[in-house]
Amino acid sequence: MSGKIKNRTLKQILGIWTTAVIILGLGLPMVAQPSHWGELPLIPGLEQRARIIFFHVPTAWLSVIAFLTSMWFGIRYLRKKNPHDDIKSVTHAGLGLLFCILATVTGSIWAKFNWGSFWNWDPRETSIFVLLLIYGAYFALRSAIDVEEKRATLSAVYSIIAGVIAPFFIFVLPRITAGLHPGSADDVNSGPVVSSGGMNATMRVIFYSSVAAFIGMYLWMSNLHIRAVTLVQRKELESGKA
Amino acid sequence: MFLKDWRSELRTRYALSALVMFVLTTIAIIVFAFGGESPSQEVLAGVLWVIIFFSGMSGLARTFVAEEERGTSLTLQLLATPTAVLFGKLAFNVVLVLIVNTMAVLLFLFFFSSFRVDSVGLFVTTLTLGSIGLASASTIIAAIIARANTKGSLFPVLSLPLLLPLLMTVIHATTLSSEGAFFSEGLDDFRILVSYIGAVTGVSYILFDYVWKD
Amino acid sequence: MIEFEAHAITKTFNRRSIFRDISVRVQSGEILRVIGQNGAGKSTFVKILAQVLTPTSGEVRFSLEGHAVKRYLHNLIGFVSPYMQLYDEFTAEENLLLSLSMRARPDDMTAVKNLLGRVSLGGRGDDQVRTFSSGMKQRLKYAFALIHQPPILILDEPMSNLDTEGIATVRQVMEEQQKRGILVVATNDHTDLENFDHQVDLGGRS
């Protein structure tokens, strides 16, 4: 009983937290020289569009972390053959795909406003696109195998191979195209926004709170999904035996 | 292992003829599409590797898929260690790719007068390394999809994301060679290609058992 | 002396178990019979013994002259199964030579021809397998399984596709194998093999 109450309270906290982030992130005014905490800095070249940072960046980060987590559970499955690890692997991959789509779409809309076109093949856009392709391939592979054990094994192998090759992008991409993305070395208007002095304290707080909010949502959704799938499988097993 | 696949291929000529026809028809279409105009070097470099990529997709999975379809997969498991199977088929695919790619390049030189290879050493190294890289990634993916249901369409879907870093590097190096760059300018690209091949082959070796044994 | 021990072998597909906790220990000169209705998992079980399928849990341990053997087990095992196919585009002789060369054994044309003669394929060594009838293919599978003189011979549905002459040959092969090592037979026809030392009964359909 107390577990349920704790969960409900946590969910409510998460809801309120996220709402606060949204309101503050979108509502606080942006001025050139912020004088008190209620104001956010105006980044030359980005202005109001910088607000996207609260939503676009966490989703992008999470889509990568989700992939790594999925790969990690894939490795564990290969070692121990525990079907539970496979459930976790798919769940994280599914959420990763969702966040990847969100990141691509938010990024693309923002790109339209900022540079005039929806897609530009700048290195970061390309890499999120490739991540999307990898997720797509992962699920296409899974849907093509009937036997559970084989499905789990092969998709784990694929995600490991993809995980090994992905770092090559980090070396290859920057050499091929110059970066338009804020934060890449070429960006004339603003250098890396997160680490340099582009953000003031308030903005930083809101940003990291947003990251936390997204992580909270992610953990909540993954937990729910894992429990749901486990229950469904247990029911199938029981009805199959009866 | 390699010899067995090779002799089988000589006997039946399935893969080679399919690939050769593919390259011929694709280049013919492209020649018509360009309508007598000669596109720039960068475009040609890209087109060349697109053709190579798709011809790979049409032919490199055969070595595993055919075993599965004919029921000889089980026989092979009884005959050889997984490592022998992997490296034998990898070698086969490498040879196949090298033959087809050389042919594609020769056809390119023949049809497109604007396609110049000024730094021959650079170009040949790029072609060789790129081909080996293509074969190595394709082989492990072929092994994976051979165990799945919808083999044909799955192969390019799984391969593309993994081959993109290879393709980008190789197109870049090819463009360099057509501009007459020095061999040393390609070293960065070569380093990437060699480590790609190493990484893919290493990972294939480690994971192949899980894919091959049911 | 060759010996293997299957220890607590369990196999599940899609989380339904085909069989659980099967254990049996077989030594040189002994025969293991695996029976059960169609679909009970006989082929699955012998595939696990032949090391072409991994069990969900449990293991099969092999030992030769008292020492455990873990690598290159495929050289110790000969397998005949309806699920196995030989290479169509090669001739009968080439298939057998392939087996020898993949196992790093010297090409021995005399042994190949003798074995083919033994399974009544004497005149067909030069023909491609794609021209064979199902009975001939089955006989070739026996030659293929025996060419490397394995101490363990595993037969799944040994008499399928064979006429009386073929069946007689198989019975001879089975007798000889028993003297040389271990024989494992999976069948749903009890008359295929009437005396045995161990039996695994997989029962009705799962």
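Q: A residue is buried if 20 or more other C-beta atoms lie within 10 Å of its own. What share of the residues in chain A is buried?
A: Of the 242 residues in chain A, 31% are buried. Each of these residues therefore has at least 20 other C-beta atoms within 10 Å of its own. The model is predicted.

Q: What is the pLDDT of chain A, on average and in its elements?
A: The average for chain A is 77, and 74% of the residues score at least 70. On a scale from 0 to 100 that expresses the predictor's confidence, helix 4 (residues 123-143) of chain A has the highest mean, 89. Strand 1 (residues 30-31) of chain A has the lowest, 62. Over residues 183-196 of chain A, pLDDT stays under 50, and the model has 24 contacts beyond four places in sequence for this stretch.

Q: What makes up the secondary structure of chain A, and in which pattern?
A: Chain A has 6 helices and 2 strands, arranged along the sequence as α-β-β-α-α-α-α-α. Among the contacts in chain A with a separation of 6 or more, 69% join residues 24 or more positions apart.

Q: How do you know that chain B is in contact with chain A, and which elements of chain B take part?
A: Two residues are in contact if their C-beta atoms, placed from the backbone, lie within 7 Å, and 25 residues of chain B are in contact with 25 residues of chain A. On the side of chain B, two or more residues each come from helix 7 (120-146), helix 8 (151-178) and helix 9 (187-212). Helix 8 of chain B supplies the largest share, 11 residues. This side of chain B divides into 20 nonpolar, 4 polar and 1 charged.

Q: What makes up the side of chain B that touches chain C?
A: The contact takes 16 residues from chain B and 17 residues from chain C. Helix 1 (2-12) and helix 5 (72-79) of chain B each give two or more residues, and helix 5 of chain B gives the most, with 6 residues. The side of chain B that touches chain C holds 4 nonpolar, 7 polar and 5 charged residues.

Q: What describes the packing of helix 3 of chain B against helix 6 of chain B?
A: Helix 3 (residues 41-59) and helix 6 (residues 82-111) of chain B pack at an angle of about 145°, with their axes 10 Å apart, and the crossing is right-handed. Leu48(B), Ile51(B), Ile52(B), Ser55(B), Gly56(B) and Gly59(B) are on the side of helix 3 of chain B. They meet residues of helix 6 of chain B including Leu96(B), Val100(B) and Phe108(B). The residues of this contact divide into 8 nonpolar, 4 polar and no charged; Gly counts as polar, so Gly56(B) and Gly59(B) belong to the polar group.

Q: How do you know that strand 1 and strand 2 of chain C are paired?
A: Pairing requires at least two bridges; strand 1 and strand 2 of chain C have 8, in the antiparallel sense, so the condition is met. Glu5(C) stands opposite Arg25(C) in strand 2 of chain C. The two strands form a hairpin with 2 residues between them, and Asn14(C) in the turn has a positive phi of about 50°.

Q: Why do strand 2 and strand 5 of chain C count as edge strands?
A: The open sheet has 4 strands in the order 2-1-4-5 with antiparallel pairing. Strand 2 (16-27) and strand 5 (67-69) of chain C each have a single partner strand, so one side of each is left without a neighbour in the sheet. The twist averages 25° from one strand to the next. Strand 1 (residues 2-13) and strand 4 (residues 57-64) of chain C pair over 7 bridges in the antiparallel sense, and Ala6(C) stands opposite Val60(C) in strand 4 of chain C. Helix 1 (residues 42-49) of chain C packs on this sheet, touching strand 1, strand 2 and strand 4 of chain C, and its direction makes about 130° with that of strand 1 of chain C.

Q: Which strand order and pairing sense does the sheet of 5 strands in chain C have?
A: This open sheet has the order 6-7-8-3-9, with parallel pairing. Strand 6 (77-80) and strand 9 (198-201) of chain C stand at its edges, because each has a single partner strand. Neighbouring strands are turned by 15° against each other on average, direction ignored.

Q: What makes strand 3 and strand 8 of chain C a pair?
A: Strand 3 (residues 31-35) and strand 8 (residues 182-186) of chain C share 4 bridges in the parallel sense; at least two are needed, so the two strands pair. The bridge partner of Val34(C) is Ala186(C) in strand 8 of chain C.

Definitions and conventions:
Residues numbered from 1 in each chain as written. Chains lettered and ligands numbered in written order. Predicted model: local features only at pLDDT ≥ 70, side-chain atom pairs only at ≥ 80, totals over all residues. Axes fitted to C-alpha atoms, helices over the stretch in contact; angles between N-to-C directions. Left-handed = near helix turned anticlockwise from the far one by under 90°. Buried ≥ 20, exposed ≤ 12 C-beta atoms within 10 Å, placed from the backbone.
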